[in-house]
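Here's a quick tour of a few local features worth pulling up in your viewer. Have the sequence handy as you go.

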Amino acid sequence: ILVITKSSCPMVDEPWFYERIRMEYTVCSQWRDAALAALESIRPDIIVTGGSKNYDFNESQWVAGSERVLGKMARVSGSVFIIRPTHALGFDGPGCLAGRHWRPDFLARETDCTSPAGSDRENQIHMWLKQAAARFQNVRVLDMNPLICPDNRCSAERDGAIVYRDSMHLSAGFAEMLSGSLARLMAESNARPVSMKQLPGESGANQSNSAPGLASKISPEGI
């Protein structure tokens, strides 16, 4: 497995003004182009990509910008899976659990360290990602949120496991617990894998540089 990641860099081919640095984030565009070029050289069997929902792109930017990136991935990989952005907890999960631990029992019961899951904006972005993916036979969007926040309720802890490491990112331990479910969703996705022999531009030189069986995880935000 090859992991390629950059924080605060959407896998959407659109200019983005990064408020933290008060300018267009051109470094992100350069990184994204380099990551896609690397995938073209590697030609992995499977690509798993994901990112944040916290970008203020409009519908046309989400759809068209995602299509441009997915088109390049779909041409060089057998299957491409987009993981829907994870629901945010909305507060620091470990901090809430720690506070509940030291409070007296009658006060701890008043803090359940949970929050409602999702929003209309999240649902829109999910729909736009599916719309972009629908253009390609070997691209699918996977939704892990029902497993992360069952019954539309997110929790800092479930069954003794810490779910979030902060207000929005899953803990490493909980993410590992989801690996079997992710594999099952990938198998059940009905994506039509493209044989590496069918991919365009597969010259003899390219074939010698390909890496059969290699899966790449492109995760601008991490999961």
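What follows covers two helices and one loop residue.

## Helix α1

Keep in mind that this is a predicted model. Helix α1 runs over residues 26-42, so 17 residues in total, and its first and last C-alpha atoms sit 24 Å apart, close to the 24 Å expected at 1.5 Å a residue.

Which residues of α1 are buried? The list is Cys28, Trp31, Arg32, Ala35, Leu36, Leu39 and Ile42. They lie on the same side of α1, because they cover an arc of only 135° around the axis. Right after α1 comes Arg43, with a positive phi near 55°.

## Helix α2

Helix α2 takes in residues 59-76, and its 18 residues should span 26 Å at 1.5 Å a residue; the end C-alpha atoms are 26 Å apart, so the two agree.

Buried positions in α2 include the aromatic Trp62 along with Val63, Val69, Leu70, Met73, Ala74 and Val76. Gly65, Ser66, Glu67 and Gly71 are buried there too.

## Ser171 in its loop

Now hop over to Ser171, in the loop that links β10 (161-162) and α7 (172-177). Is Ser171 buried or exposed? Its relative accessible area is 11%, under the 20% cut-off, so Ser171 counts as buried.

As for its surroundings, the Ser171 side chain comes to 2.5 Å from the backbone oxygen of Ile162. Leaving out residues up to four places away in sequence, Ser171 touches Ile162, Val163, Tyr164 and Arg165. Ile162 therefore turns up in both descriptions: as a contact of Ser171 and as the owner of that backbone oxygen.

Methods:
Residues are numbered from 1 along each chain as its sequence is written. This is a predicted model: local features need pLDDT of at least 70, side-chain atom pairs count only at pLDDT 80 or more; totals for chains, interfaces and linings use all residues. Side-chain values use heavy atoms; hydrogens and water are left out. Helices (H or I, at least four residues) and strands (E, at least two) are DSSP runs, numbered from the N terminus. The expected span of a helix is 1.5 Å times one less than its number of residues. Buried means under 20% relative accessible area, exposed over 50%, partly exposed in between (1.4 Å probe, protein chains only). The arc is that of the directions from the helix axis to the C-beta atoms. A polar contact is a pair of N or O atoms within 3.5 Å; within protein, one must be able to donate a hydrogen and the other to accept it, and residues adjacent in sequence count only if both atoms are side-chain atoms. Contact means heavy atoms within 4.5 Å.
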